[in-house]
Protein chains: 2
Amino acid sequence: MDTRHMRIFVALAETLHFGQAAARMNMSQPPFSRQISSIEKTLGVRLFDRNSRNVSLTLAGRHFLADCRRVLADFDTACRDVQLVANGVKGELRLGFMMHAAHSIIPALVRRYSEAKPDIHLILEESIPTDIDTMLIEGKLDIAVTFGSPYAPHLRTHRLARDRLCLIAPADHPLAAAEIVGPRDLRGEKLIAAPASVVPVLRAAIGIYCAAGGVVPHFAFEPRLQHTIIRLVQEGLGVALIPQSLCTGLGPAVIAKALVNAPEFDVVLCAPTTSRNPAVATLFELVESWDMGNASTRNA
Amino acid sequence: MDTRHMRIFVALAETLHFGQAAARMNMSQPPFSRQISSIEKTLGVRLFDRNSRNVSLTLAGRHFLADCRRVLADFDTACRDVQLVANGVKGELRLGFMMHAAHSIIPALVRRYSEAKPDIHLILEESIPTDIDTMLIEGKLDIAVTFGSPYAPHLRTHRLARDRLCLIAPADHPLAAAEIVGPRDLRGEKLIAAPASVVPVLRAAIGIYCAAGGVVPHFAFEPRLQHTIIRLVQEGLGVALIPQSLCTGLGPAVIAKALVNAPEFDVVLCAPTTSRNPAVATLFELVESWDMGNASTRNA
DNA sequence: TCCATTCGATACTTCCTCGGTATCAATCCG
DNA sequence: CGGATTGATACCGAGGAAGTATCGAATGGA
């Protein structure tokens, strides 16, 4: 028994006529008749009552017809689905992203992608940039939104936005009144920043910025989350350099100031070049076509 | 694509080794390899990543594996179920029965049969004897419990019980005090009985019994249901001849009396000899083995 | 009542598919 | 560097499946 036998059986069960059923199966009547008796012989079950004038289903045949229809439908969808998965229109995509992106890029990205590929189940993994990198390498993520690294040949990357650091300080801090803020102004300030093990790109940018003014930064606190940093600044415990995209809704206790020659960095979509998930390519296609439509409006 | 291809695919997906998978399919490696590439070519989807040393599933392959397992399981159960239906261990059985049987025979019959054939769905149809006869002929019922007719060559019948008529009368009725009741005692009585169109066997029995005493029966009321008959007798509206099996729990207002030469009749299980439902035979087998076990205890 | 038509079953032939054997190519291990 | 393992390829032979021709039974109309 295989699915062809089932289709032959269904054809006869639906027409109750050997000749017409054979025609539907694109074969002539004699081999069709043989196949029917072969099916009945293999199953050991009489599926049709037939004299030389009439054909009708037995009770067992009626039950079998219902089963066959269901099995054949499942069979066909399985064969179709595997192609959809291979073409990236079906399946699942494990998307990692850092906290920053959750507020600026991820919501729109997820919405647009879900609309474009409704049959791809998006699995969202919020994490810190270093973990995202390792999860991409280990294959625990298919694709991620994170900071762009200067050199990452094993990753296919696409810039989603360009962000820059700005200073936030308590409203009553001396720097809050300064006209412009440069690296030298950070001398002696208690800095608050996430540790390098969490966001190496940001830490490196802060370090380079300070060094440009000949300043050795003094990190008073090193919480992991940017929101914790903002809270600590609100409490007057220091100043911080954070991405501009996070400088909204800070409240009255904190002011944000642009920096002279502010360090810039990319927020990118990236995935291993070795990725075997076809859905990865479709997400890249989406963000690329997205840029195409409104190239200038997407910078932070 | 057919199920054999799916089994070949599953074999390789589970072993990830062409040689072992081929052995599991009882074939040698070269044709097995050919089948795999044939499958991939037909679907147009690469299911395995393989270099000459390692085999691994692609993402599409993983999805397809899950689908194939489900489809194959459904396929196999469909092929098995059709045999079960043909052998009468699975399917459905439309069992008709008259009201009388609902109190004496049906409960035990249903319980025993459900235990013996748990995969047969019993559809119970309570009806009146004449309707049961026509529904059996029209194929709306597979089998029924009803009164035995003297001549019914188109039906396979098996006697389940032998019942007899007895008299019920209001407790204050003169006949309630009689020592024995015979047909002559019914002269002038208001009889209550179901019409011949509902239970021809009972009406015929009553008519013959009265005729034996030279009495022309006077039917005061002709309700369809035996319980209505009993209620009317309770209200003092007449007397009735009803099956002995119904003479339990009549209440204090009614007394039941045995009749001299009481008319007897069979309660039978019957099905059309032309029935195509294999479950019919299994129910006959059950009641026959049932009699075998306790032949003497089953008479009413 | 008889003949024509319809429909499913059977006999025989042909062809194609599928599996087996032998072999090759690439990779891994000692 | 050589043997062993593993998958791919080439070729051959057998079995099965489809097609053609035909038969037999049943129905319906003249």
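Is T282(A) buried or exposed? In this predicted model, T282(A) counts as buried, because its relative accessibility is 6% and the cut-off for buried is under 20%.

**T282 in chains A and B**

T282(A) sits in helix α10 of chain A, which runs over residues 278-293. Its side chain reaches the backbone oxygen of A279(A) at 2.5 Å. Apart from neighbours within four places in sequence, the residues in contact with T282(A) are N87(A), G88(A), Y113(A) and K117(A).

In chain B, T282(B) lies in helix α10, residues 278-293. T282(B) counts as buried, with 7% relative accessibility. When neighbours within four places in sequence are left aside, T282(B) is in contact with N87(B), G88(B), Y113(B) and K117(B). One of these contacts, G88(B), comes just after helix α4(B) and takes a positive phi of about 75°. Helix α4(B) itself has 29 residues. From its first C-alpha to its last, α4(B) reaches 43 Å, close to the 42 Å expected at 1.5 Å a residue.

**Helix α3 of chain B**

Helix α3(B) covers residues 29-43, which makes 15 residues. Its reach from first C-alpha to last is 21 Å, close to the 21 Å expected at 1.5 Å a residue. Which residues of this helix are buried? They are F32(B), S33(B), I36(B), I39(B), E40(B) and L43(B). Seen down the axis of α3(B), these buried residues fall within an arc of 120°, so they line one face of the helix. A general rule of helix geometry helps in reading this pattern. An α-helix has 3.6 residues a turn, so residues three or four places apart point the same way.

On the other side of α3(B), the residues R34(B), K41(B) and T42(B) are exposed. The buried residues have a cover that includes parts of both chains: α4 (59-87) of chain A, and α1 (3-15), α2 (18-24), β1 (48-50) and α4 (59-87) of chain B. Just after the helix, G44(B) takes a positive phi of about 70°.

**The surface near DNA strand C**

DNA strand C is surrounded by 19 residues, and the closest are R50(A), R53(A), R4(B), S28(B) and R34(B). Of the atoms of strand C that come within 4 Å of the protein, 59% belong to sugar and phosphate. R34(B) is also one of the exposed residues of α3(B).

What kinds of residue make up this surface? The residues near strand C divide into six nonpolar, seven polar and six charged. Q29(A) has a side-chain N or O atom 2.9 Å from a base nitrogen of strand C. Q35(B) has a side-chain N or O atom 2.9 Å from a phosphate oxygen of strand C. The elements that give two or more residues to the surface near strand C are α2 (18-24) and α3 (29-43) of chain A, together with α3 of chain B.

**The surface near DNA strand D**

DNA strand D is surrounded by 19 residues, the closest being R4(A), R34(A), Q29(B), R50(B) and R53(B). Sugar and phosphate make up 60% of the atoms of strand D that come within 4 Å of the protein. The residues near strand D divide into six nonpolar, seven polar and six charged.

The table lists some of the distances between a protein atom and a phosphate oxygen of a DNA strand.

| Residue | Protein atom | DNA strand | Distance |
|---|---|---|---|
| G19(A) | polar backbone atom | C | 3.4 Å |
| S28(A) | backbone N or O atom | D | 2.9 Å |
| H17(B) | side-chain N or O atom | D | 3.3 Å |
| F18(B) | backbone N or O atom | D | 3.2 Å |

The elements that give two or more residues to the surface near strand D are α3 of chain A, together with α2 and α3 of chain B.

**E189 of chain A**

E189(A) is found in the loop between β6 (155-170) and β7 (190-192) of chain A. Its relative accessible area is 16%, so E189(A) is buried. Which residues are in contact with E189(A), leaving aside its neighbours within four places in sequence? They are H173(A), L175(A), H218(A) and V239(A). With H173(A), the side chain of E189(A) makes a polar contact of 2.8 Å. E189(A) and L141(A) are 48 residues apart in sequence, and their C-alpha atoms are 39 Å apart in space.

Methods: Residues numbered from 1 in each chain as written. Chains lettered and ligands numbered in written order. Predicted model: local features only at pLDDT ≥ 70, side-chain atom pairs only at ≥ 80, totals over all residues. Heavy atoms only, no water. Helix = DSSP H or I, 4+ residues; strand = E, 2+ residues; numbered from the N terminus. Expected span 1.5 Å × (residues − 1). Buried < 20%, exposed > 50% of the residue type's maximum accessible area, 1.4 Å probe, protein only. Arc of directions from axis to C-beta. Contact = heavy atoms within 4.5 Å. Near = heavy atom within 4 Å. Polar contact = N/O pair within 3.5 Å; in protein donor to acceptor, adjacent residues only side chain to side chain. Nonpolar A, V, L, I, M, F, W, Y, C, P; charged D, E, K, R; others polar.
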